[in-house]
Amino acid sequence: MAAPYRVFLIDDEPWVLKGLSALLRWEDEGFVIDGQYTNALTALEDILRLRPDAVITDITMPRIDGLELIERARGAGYEGCFVILTGYDEFAYAQKAIEQQTFSYLLKPIDRSEVRAVMCKLRHELDDRLLRAIAAEPDGDNAALLRRLLGRESGQFYVLTVQGEWEPSLVGAERLLRVRAGKMRSTYLLASETLPERLKERWEAPLANTQSHLGLSEPFCDLAAFARMLRHSETAACDAFLNNGAHVYGYRRADKSFVNRIVSMMRSANDPSVWVMVLHELRKHASMADIALLLSEASARSAANEGDSAAIDSYEIEDISMLFSSLDEVVAYMEGLLDKDDAGKPSSGQTVIADICAWIDENYGRPIRLRMLSRRFHISETYICELFRKHKNQTLTNYVLSARMERAASLLRASKVSLPDVAEAVGYLDYGYFGRVFKRYHGISPDAFRRAN
């Protein structure tokens, strides 16, 4: 049995508290009532001291009302979920409360089925927050958090990332958790003694006529490995970019011997037929981890040819699908890096780079791919990267990252927009990846950044 979430109840009418506490079997819904208050100021003190997971509060109360309580708690850094109790004649207040990042509301007279529905949604939201915290803080005490969620410690587990709307058949597997990890992306924690190859076989056929694809981690027994296996399942799902006809992908580490063989082929970059063979080999054998290594190697070789160490670009797997729309584009880009000419170079690079930067600064929330920039500004993809190194002393990837992370920081400082909405606003549909990138750039997680600001 998973450990319940702690909830406070606040209403200046004792009979309302008594009725609400008796309305549900709270532990069956995943909650325990950890405090009941008729005095809102006392409740506020305990909210800030004890940090419950959720608070259900009336609006109309003496001394301070529910909206002021919420505002003070938020101002003091409390990030739990608020649910407000309101009558029909107070609904305008409820709308104002929702603007203050209140999770939901309950209309009086209170109906059992409505309370149960709100608490079910709240439980899912709190589960999502815990999993996002685990993904964003991979070095934290993940096992303790998961034990709280699951109420169990042992077994054989998998993490499954689903890109698309398909719901996996769980014959032979128990679904322990499901969390929305991004737009059209869900993550599952499964318990199963089934071998990974059998699970992949079971899911492949039903996916044949869909646009969905899955990434499956290796099996693991220690819940402390969850964050690492989550990363592995996300990496596996990225292999769909290779478009090799499969729908279910297992995690594959970079194959250095394969990468070295492709690098040897690329040393003959002046022979056009080599790139046809490179594309064929990559489509047949590569994982996205291999592609990331190859792009970094091509960047390093290009920089060495120019004697420019600042030109070296390193790639994360998620960067690839953000910069390129297909494997053909990746190979064409590497060919351009290693076989440069002056075609597609306008006379005034400084003017062009200013125009590109201005466009990126206005469109950071959109997918920004090299080929799209190339077509928009009528210059080659490799020359775009060359302009950023020459005039901005950084890579295109880093420039886009900086624009997105600075805007994300502004949104977190100045608004109560949810973290998933912040991620989407700056161009990230994978919330876990956004959290990792934000922490790498700012040195602090998005949640902690918001609390500090």
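Q: Why is F434 called buried in this predicted model?
A: The relative accessible area of F434 is 2%. Buried requires a value under 20%, so F434, at 2%, is classed as buried.

Q: How do you know whether Y428 is buried or exposed?
A: Y428 has a relative accessible area of 4%. Set against the limit of under 20%, this value places Y428 among the buried residues.

Q: What makes R404 a charge over the face of Y428?
A: R404 lies 5.5 Å from the ring centre of Y428, and the distance criterion is within 6 Å. The position of R404 is over the ring face.

Q: Which residues are joined with Y428 and F434 in a cluster of ring pairs?
A: The cluster also holds Y433, F438 and F449, linked with Y428 and F434 through ring pairs.

Q: How many aromatic pairs does a search of the whole structure find?
A: The search returns 10 aromatic pairs. One of them is formed by F157 and F220.

Q: Why is the pair of F157 and F220 called tilted?
A: The ring centres lie 5.8 Å apart, and pairing requires centres within 6.5 Å. The planes meet at 45°; stacked applies under 30 degrees and edge-to-face over 60, so this pair falls into the remaining class, tilted.

Q: What makes this a link between distant parts of the chain?
A: F157 belongs to strand β6 (residues 157–163), whereas F220 sits in the loop between β9 (213–216) and α8 (226–238). The two residues are 63 residues apart.

Q: How do you know whether F157 and F220 are buried or exposed?
A: The relative accessible area is 0% for F157 and 5% for F220. With the limit for buried at under 20%, F157 is buried and F220 is buried.

Q: Why does the pair of Y428 and F434 count as tilted?
A: The ring centres are 5.8 Å apart and the planes stand at 50°. An angle that is neither under 30 nor over 60 degrees leaves the class tilted, so the pair of Y428 and F434 is given that name.

Q: How many salt bridges does the structure hold?
A: There are 18 salt bridges.

Q: What makes the contact of R6 and D34 a salt bridge?
A: The N to O distance between their side chains is 3.1 Å, and the criterion is within 4 Å. The pair links distant parts of the chain, with R6 in strand β1 (residues 5–10) and D34 in strand β2 (residues 31–37), 28 residues apart.

Q: Why are R6 and D34 both called partly exposed?
A: R6 has a relative accessible area of 23% and D34 one of 37%. Partly exposed covers values between 20% and 50%, so the term applies to R6 and to D34.

Q: How do you know that E68 and R72 are separated by about one helical turn?
A: E68 and R72 are four residues apart in helix α3 (residues 66–75). Their side chains meet in a salt bridge at 2.7 Å, N to O.

Q: What makes R231 and E316 a salt bridge?
A: Their closest N and O atoms are 3.8 Å apart, against a criterion of within 4 Å. R231 lies in helix α8 and E316 in the loop between α11 (288–306) and α12 (317–323), so the pair ties together parts 85 residues apart in sequence. R231 and E316 belong to a network of salt bridges that also links E234, E318, R436 and R440.

Key:
Residues numbered from 1 in each chain as written. Predicted model: local features only at pLDDT ≥ 70, side-chain atom pairs only at ≥ 80, totals over all residues. Heavy atoms only, no water. Phe/Tyr/Trp six-rings, centres within 6.5 Å; stacked < 30°, edge-to-face > 60°. Buried < 20%, exposed > 50% of the residue type's maximum accessible area, 1.4 Å probe, protein only. Lys NZ or Arg CZ within 6 Å of the ring centre and 35° of its normal.
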